[in-house]
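Here are a few friendly notes to go with your copy of the coordinates. Have the viewer open as you read, and check each point as you go.

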Amino acid sequence: MDEEQIKHMVSRFLGWKLPDDFNPDAGISFKRPDGTGAHWWPVGTNLFTATQAEEMVKHMLEGLTQGGGNDL
């Protein structure tokens with residue numbers, strides 16, 4: 001997997017609309033701000049910066065094999 005593919009995955013992860021039934025842990029909560037309309041909803045995560053999310057994706061890919069080989 002090349003750097004552009006990783007950056008694409010990071011962008012998609014950080015831009016993903018959280019599901020209606022998401023349930024954050026550690027006391028984190030979400031309350032829709034007043035006056036924002038019914039369609040406003042958070043996306044991605046505020047737990048990671050883009051750089052941190054990129055490192056997470058690289059960590060997930062480490063050791064992953066493609067078609068039985070040892071690299072992507």
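The points below cover a helix, its charged residues and a few other spots.

1. A word on the source before anything else: this is a predicted model. Please read every distance and accessibility here with that in mind.

2. Let's begin with helix H2, which covers residues 50-61 and has twelve residues. From its first C-alpha to its last, H2 reaches 16 Å, close to the 16 Å expected at 1.5 Å a residue. After H2 comes Gly63, and the phi of Gly63 is positive, near 85°. That residue may be a handy one to click on when you look at what follows the helix.

3. Which residues of H2 are buried? They are Ala53, Glu54, Val57 and Leu61. Looking down the axis of H2, you will find these buried residues within an arc of 105°, so they line one face of the helix. Helix H1 (3-15) is included in what covers them. On the face of H2 turned away from the buried side sit the exposed residues Thr51 and His59.

4. Glu54 deserves its own paragraph, as a charged residue on that list of buried ones. Glu54 is part of helix H2, and its relative accessibility is 14%; because buried means under 20%, Glu54 counts as buried. Leaving aside residues up to four places away in sequence, Glu54 touches Glu3, Ile6, Lys7 and Val10.

5. Now for the charges. Side chains of opposite charge can pair when their charged atoms come close. How many salt bridges does the model have? The count comes to three. One of them joins Lys58 to Glu3, with the closest N and O atoms 3.5 Å apart. This pair links distant parts of the chain, since Lys58 is in helix H2 and Glu3 in helix H1, 55 residues apart. Both ends are partly exposed: Lys58 has a relative accessibility of 27%, and Glu3 has a relative accessible area of 40%.

6. Glu54 also forms a salt bridge with Lys7, where the closest N and O atoms are 3.3 Å apart. Here too, distant parts of the chain are linked: Glu54 belongs to helix H2 and Lys7 to helix H1, with their positions 47 residues apart in the numbering. Glu54 is the buried partner, at 14% relative accessibility, while Lys7 is partly exposed, with a relative accessible area of 40%.

7. Within H2, the side chains of Glu54 and Lys58 meet in a salt bridge at 3.4 Å, N to O. The two are four residues apart in helix H2, so about one helical turn separates them. Through shared partners, salt bridges join Glu3, Lys7, Glu54 and Lys58 into one network.

8. Two further spots involve helix H1. Leu14 has its place in H1 and is partly exposed, at 24% relative accessibility. Leu14 and Thr45 are 31 residues apart in sequence, and their C-alpha atoms are 6.1 Å apart in space. Met9, also in helix H1, counts as partly exposed at 30% relative accessibility. Together with Met1 and Met60, Met9 makes a nonpolar surface patch of about 270 Å².

Notes:
Residues are numbered from 1 along each chain as its sequence is written. This is a predicted model: local features need pLDDT of at least 70, side-chain atom pairs count only at pLDDT 80 or more; totals for chains, interfaces and linings use all residues. Side-chain values use heavy atoms; hydrogens and water are left out. The expected span of a helix is 1.5 Å times one less than its number of residues. Buried means under 20% relative accessible area, exposed over 50%, partly exposed in between (1.4 Å probe, protein chains only). The arc is that of the directions from the helix axis to the C-beta atoms. Contact means heavy atoms within 4.5 Å. Patches are made of residues with over 30% relative accessible area and no salt bridge: like charges are joined within 9 Å, nonpolar side chains (Val, Leu, Ile, Met, Phe, Trp, Tyr) within 5 Å. Accessible areas come from the Shrake-Rupley method with a 1.4 Å probe; for residues, only the protein chains shown count as cover. A salt bridge is a side-chain nitrogen of Lys or Arg within 4 Å of a carboxyl oxygen of Asp or Glu.
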